[in-house]
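Got your viewer open? Load the model below and keep the selection panel handy.

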Amino acid sequence: MKIIRPITAALLTIVTLLALVFTSLQTTREEARLYGDLDARAQILGDSLVETARVTLSQGSKKHLERFVSKFGDQEHLRGIALFNEKAELLAISKTIEDFVSSPPKIVTSTLLYSAPQTDNQKIGGKNTHIRVIPIHQDGTKLGSLALFY
């Protein structure tokens with residue numbers, strides 16, 4: 001009888017630890033899957049907006065840039081968008097995020113440097129934010145980049 005209690009306690013401890021480990025692994029996998037889905041959506045949206053952004057950037061009008069950002073930056077699940085020039089200087093930004101993004105995130109300069117789309121997760125305005133930045137080129141010349149904030 002004395003031996004049953006320690007064995008029971010040890011078994012309960014082992015089962016509890018196994019459940020915690022399994023739950024942790026499952027949560028990590030689910031989080032990775034959700035980030036992958038979010039990045040895929042960001043890529044699709046970014047690819048669909050990049051041509052319009054290219055035309056808007058080549059026009060160079062501040063009014064057109066702001067109209068582009070306000071029109072496309074107010075979509076479901078999207079915190080906002082921003083357009084940067086080839087020197088990573090902010091040209092236009094959605095009103096929903098302008099208070100939180102005063103300088104370009106490092107991913108913008110990295111995207112322009114390597115001329116390839118990049119993603120990152122950062123805390124912006126106290127919220128975890130998924131950022132997808134796509135470079136914008138025209139005839140081999142860098143025009144700038146489009147940043148999507150989720």
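What follows is a short walk through the salt bridges of this predicted model.

A search of the whole structure turns up four salt bridges, and we'll visit some of them.

**Stop one: Arg33 and Glu30.** Start by selecting helix α1, residues 4-59, then show the side chains of arginine 33 and glutamate 30. These two form a salt bridge, with 2.6 Å between the closest N and O atoms. They sit three residues apart in the helix, so about one helical turn separates them. Now check the surface: arginine 33 has 43% relative accessibility, so it counts as partly exposed. Glutamate 30 is partly exposed too, at 36%.

**Stop two: Asp37.** Keep arginine 33 on screen and add aspartate 37. There's a salt bridge between this pair as well, the closest N and O atoms being 2.9 Å apart. Aspartate 37 and arginine 33 are four residues apart in helix α1, which again means a separation of about one helical turn. Aspartate 37 has a relative accessible area of 31%, making it partly exposed. Show Glu30, Arg33 and Asp37 together and you have a network of linked salt bridges.

**Stop three: Arg132 and Asp39.** Next, select arginine 132 and aspartate 39. Here the closest N and O atoms of the salt bridge are 3.6 Å apart. This pair ties together distant parts of the chain: arginine 132 belongs to strand β4 (residues 127-138), aspartate 39 to helix α1, and their positions lie 93 residues apart in numbering. Buried or exposed, these two? Turn on the surface to see: arginine 132 and aspartate 39 are both buried.

How values were computed:
Residues numbered from 1 in each chain as written. Predicted model: local features only at pLDDT ≥ 70, side-chain atom pairs only at ≥ 80, totals over all residues. Heavy atoms only, no water. Salt bridge = Lys/Arg side-chain N within 4 Å of Asp/Glu carboxyl O. Helix = DSSP H or I, 4+ residues; strand = E, 2+ residues; numbered from the N terminus. Buried < 20%, exposed > 50% of the residue type's maximum accessible area, 1.4 Å probe, protein only.
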